[in-house]
Structures are given as C-alpha cells and as structure tokens.
Amino acid sequence: MSTHLETTDFQTDKINVGSFSLPSLLAALESQTNTPSLKQIYDWLETAAISSEELKPYLGFKEGNYWRHRVYRNEFVEMLVLCWRPGQRTPIHDHNGSHGGVKILEGMLWETTFTFDAAKGLTYKSAREYSPGAVTGSDVPDIHQLGNPDVSGQDLVTLHVYAPPLGVLHTYKPGSAKIDLYVPDDSES
C-alpha cells in the first residue's frame, strides 16, 4: 500500500517557521533510540524545508544512473538525497523490511506501483506524478519504481528517509515471478 501526502508550502530558499531545517531534521534522526514509524517519517518530511544552501553539499549528478548521497545513517534510520537526470529511474523494487518516505525538493517524480503474485508474477497497479513539496513513500511490502521522466527536461532532487536503513532490496520484472537481489550504489563514480 503506497501512501501519498501532498504539501504545498515548500520553499527551497527559505526555512518556514515550525519546519525542520536540515540540521534540525538530522538532530531528530540522531535522537532515535528505535525505528521510527512511517507516520513519523511523513511528519518529518512534510515539515522539512531544506534551504538551497543546506542542500548544496549533497548535490551531484552522474550519467547512466541516479546518484545517492547519504546524509545520515544509524541502526534505526537513514537519510539520503538522490539526484536524477531526465530518464533516470530505480529498478522495480521493494524495501525488504524497511519503510520510508520521499520528499520532492526540485523537479518532477514519477512513481509506478506494482503487485506481486508468486504464480502470476509482477503486475502494474498504478502511477502518480509528484511536484516539488509533495511527499510519498512506501510501507512493507510495497513494490514500486521511482524516476525522473524523460520528458521532464529538468533535474530531479529528492530527500529520502528509511527505517530501518536499507540493505539488500528485492527487484522485479513485469510479467515475471523471478525475484532478484539489488544493493543500492552509494559510490561517487
């Protein structure tokens, strides 16, 4: 079951009163003594107002695939900034026991959700488009694919919070009952 929350008061250059700047969001994550709920992650992301200056150290793009920039990780939670060129997307995947939320900071995100049946394999469920300020995410056992559409003509920057931190993910192919394993790439090359 994918969950979607839309926010409209996001501003990248100004921190709103009562919102989480990047340092205050990091402090909230660092203070965790257990795995936060999906609702708590949504609450953090809905009120996150990350300035362009705070985001700058985590921006960078590469050809061929989106770039994952780890901001913070402990045993309970992790935060990433992902940078996407037009046409870049994740494999179709689940989070293998983790739940998480995504806030769109810049650009447009497409999310496609799927269902899996051991006999029938993977089948399409739905698709959505998200603009800056929107929050979406996934619970266990959601299966989805995220990406920056080819037709967007602009880069995409997203903020992700996962609990517990991601490890090896399951990946899927439409019409197939085969499940593969995937380790997300945090390298800078």
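Here are some short exercises with worked solutions on this predicted model.

**Exercise 1. Getting your bearings**

Work out how many helices and strands the protein chain has, and in which order they come.

*Solution.* Start with the count: the chain holds 3 helices and 11 strands. Next, walk along the sequence, where the pattern reads β-α-α-α-β-β-β-β-β-β-β-β-β-β. Then look at the contacts between residues at least 6 apart in sequence: 77% of them join residues at least 24 apart. Finally, turn to burial, where 50% of the 189 residues count as buried.

**Exercise 2. The buried side of H1**

Find which residues of helix H1 are buried, and explain how they are arranged around the helix.

*Solution.* First, list the buried residues in H1, which spans residues 22-30: Leu22, Leu25, Leu26, Ala28 and Leu29. Now look down the helix axis: these residues fall within an arc of 160°, so they line one face of H1. It helps to recall that an α-helix has 3.6 residues a turn, so residues three or four places apart point the same way. Last, ask what this face packs against: helices H2 (38-46) and H3 (52-55), together with strands E2 (67-73), E3 (78-84) and E9 (156-163).

**Exercise 3. A histidine in a loop**

Decide whether His95 is buried or exposed, and identify its side-chain polar contacts.

*Solution.* Begin with location: His95 sits in the loop between E3 and strand E4 (99-106). Its relative accessibility is 5%, and the cut-off for buried is under 20%, so His95 is buried. For the polar contacts, the side chain of His95 meets that of His93 at 3.2 Å and that of His144 at 3.4 Å. Leaving out residues up to four places away in sequence, His95 touches Ser138, Asp142, His144, Tyr162, Leu166 and Leu169.

You can try the loop's Thr90 in the same manner. Thr90 also lies between E3 and E4, and with a relative accessible area of 6% it is buried. Beyond its neighbours within four places in sequence, Thr90 contacts Tyr66, Trp84, Gln145 and Leu146.

**Exercise 4. Salt bridges, local and distant**

Take the salt bridges of Asp43 and Arg85, and work out how far along the chain the partners lie.

*Solution.* As background, side chains of opposite charge can pair when their charged atoms come close. The whole structure contains 7 salt bridges.

1. Asp43 and Lys39 form a salt bridge at 3.0 Å, N to O. The two are 4 residues apart in helix H2, so about one helical turn separates them. Asp43 is partly exposed at 30%, while Lys39 is exposed at 59%.
2. Glu63 pairs with Arg85, with their closest N and O atoms 4.0 Å apart. Here the partners are 22 residues apart, Glu63 in the loop between H3 and E2 and Arg85 in the loop between E3 and E4.
3. Asp155 also bridges to Arg85, at 2.7 Å between the closest N and O atoms. This pair spans 70 residues, with Asp155 in the loop between strand E8 (143-147) and E9.
4. Put steps 2 and 3 together: shared partners join Glu63, Arg85 and Asp155 into one network.

**Exercise 5. A nonpolar patch**

Locate Val183 and say which residues form a nonpolar surface patch with it.

*Solution.* Val183 is in the segment after strand E11 (180-182). Its relative accessibility of 57% makes Val183 exposed. Its partners in the patch are Val168 and Leu181, and the three together have about 290 Å² of accessible area.

Conventions
Residues are numbered from 1 along each chain as its sequence is written. This is a predicted model: local features need pLDDT of at least 70, side-chain atom pairs count only at pLDDT 80 or more; totals for chains, interfaces and linings use all residues. Side-chain values use heavy atoms; hydrogens and water are left out. Buried means under 20% relative accessible area, exposed over 50%, partly exposed in between (1.4 Å probe, protein chains only). The arc is that of the directions from the helix axis to the C-beta atoms. Contact means heavy atoms within 4.5 Å. A polar contact is a pair of N or O atoms within 3.5 Å; within protein, one must be able to donate a hydrogen and the other to accept it, and residues adjacent in sequence count only if both atoms are side-chain atoms. Patches are made of residues with over 30% relative accessible area and no salt bridge: like charges are joined within 9 Å, nonpolar side chains (Val, Leu, Ile, Met, Phe, Trp, Tyr) within 5 Å. Accessible areas come from the Shrake-Rupley method with a 1.4 Å probe; for residues, only the protein chains shown count as cover. A salt bridge is a side-chain nitrogen of Lys or Arg within 4 Å of a carboxyl oxygen of Asp or Glu.
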